Amino acid sequence: MNLLVTGGAGFIGSAFVRLVLATQPGVRVVNLDSLTYAGNLENLAAAAEHPGYRFVRGDIADQPLVESLIASEKVDAIVHFAAESHVDRSILSSKPFFDTNVLGTLSLLDAARKTKLARFVHVSTDEVYGDIDPPHEADEQFPLRASSPYSASKAGSDLLALSYVRTFGLNLSVTRASNNYGPFQFPEKLIPLMISNALEGRPLPIYGDGLQVRDWLFADDHCRGIWAVLTKGAAGEVYNIGGNCSLPNIEVVHRILAATGAPESLLTTVADRPGHDRRYALTSAKAERELGWSPVMNFEEGLRLTIDWYRANPGWVQRVKSGAYRDYYARNYGAR
Ligand code: NAD
Ligand code: DAU
């Protein structure tokens, strides 16, 4: 099988590329990534020498490029990760989210339709379901209720992708996963930001009361779920992929403080995120039943592995926390 992976230099995309190259002999991977601030070829240093791997720097919105890659690389399937992925950045500036997440996805869908591509997996998020009141969990039939420009752009791309199944017969499935964590995650997201700040003795900024709930999924578990959807999922179907690990943010941060040995005095309450979703909760019963997938990593072990990785890779952290990151940090946290 020849795969075109989009956004393979990002956090989850690079975990997927590493997983496929390590476990699926005979599968070739072409990684199309424009290398935004979140794309980092260091994440794929081990893959770079693999004979079944090729990197192409380019924008998913460049449809002629996508079509030519599908033809020249004899691509059988697209696994589409590329996105602007951070809620706070979508609040500071939303347009790039629609350029990539909606129009970029449209370009891939049109390229897939024109070239009669055999298979397409569109990687999405539980964030499209919005706040879920306890004790409910969203299944795949839940209405989409986007709260942030990021989730609106992802909901838009989900609907677009599913419309290409109904209207053009594309063999496409959608995945919706909960909050991922693990090595190589850009330190703008809660867990890597809190770990790297704790290790550097910087303040840990908690939005509002810190009682917002997220369901934590180790990125490698997510990637096994995407592989299951790629190889066993049905056209037009959506599959939730969750971690079975719901925790309030403040609890996650306390565990990070305990595991890093950083003092509680680093905890700092800052102004809440506008439109902040209070609770995400989803059921992955469909993926478990129909694909035989379930998460295997428990949170304690996954968090320990993740902290160990950030401790062992201060160079990676320092390079990604350079100039542009400092500008973003000042814009996002300076006024709070
Ligand atoms: P990320 O921000 O770490 O990586 C995104 C990658 O996409 C980067 O390598 C970037 O360079 C690339 N990219 C961005 N715009 C592009 C463009 N126009 N053309 C080509 N490449 C482009 O993101 P992530 O956290 O790895 O998320 C990957 C996917 O998974 C996204 O679609 C996201 O919505 C989804 N998702 C993420 C999470 C999470 O917790 N991080 C949870 C569920 C779903
Ligand atoms: O649910 C899946 C989604 O999870 C993905 O679609 C997104 O790509 C991913 O970014 C993530 O979105 P969240 O907004 O939930 O993740 P984030 O890490 O930004 O925040 C997690 C929680 O922590 C959220 O309630 C906000 C809070 N938070 C976050 C940061 C960065 C803080 O309290 N302080 C912070 O500094």
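**Two ligands and their shells**

Author: In this predicted model, the side chain of Asn 179 has an N or O atom 2.8 Å from an oxygen atom of ligand 2.

Reader: What makes the pair between Asn 179 and ligand 2 a polar contact?

Author: A polar contact is a pair of N or O atoms within 3.5 Å. The Asn 179 pair, at 2.8 Å, therefore counts as one. Arg 214 also has a side-chain N or O atom 2.8 Å from an oxygen atom of ligand 2. The protein covers 95% of the 680 Å² of accessible area that ligand 2 has on its own (Shrake-Rupley method, 1.4 Å probe).

Reader: How do you know which residues surround ligand 2?

Author: A residue is near a molecule if one of its heavy atoms lies within 4 Å of it. By that rule 26 residues surround ligand 2, with Thr 125 and Tyr 150 among the closest.

Reader: Why are seven residues of this shell around ligand 2 called charged?

Author: They are called charged because that class holds Asp, Glu, Lys and Arg. The ligand 2 shell also has 11 nonpolar and eight polar residues.

Reader: What makes the backbone of Ile 12 a partner of ligand 1?

Author: A backbone N or O atom of Ile 12 lies 2.8 Å from an oxygen atom of ligand 1, so the pair falls within the polar-contact limit. The protein buries 96% of the 840 Å² that ligand 1 exposes alone.

Author: Residues are numbered from 1 along each chain as written, and chains are lettered from A and ligands numbered from 1 in written order. Local features need pLDDT of at least 70 and side-chain atom pairs 80 or more, while totals for chains, interfaces and linings use all residues; side-chain values use heavy atoms, without hydrogens and water.

Methods. A polar contact is a pair of N or O atoms within 3.5 Å; within protein, one must be able to donate a hydrogen and the other to accept it, and residues adjacent in sequence count only if both atoms are side-chain atoms.
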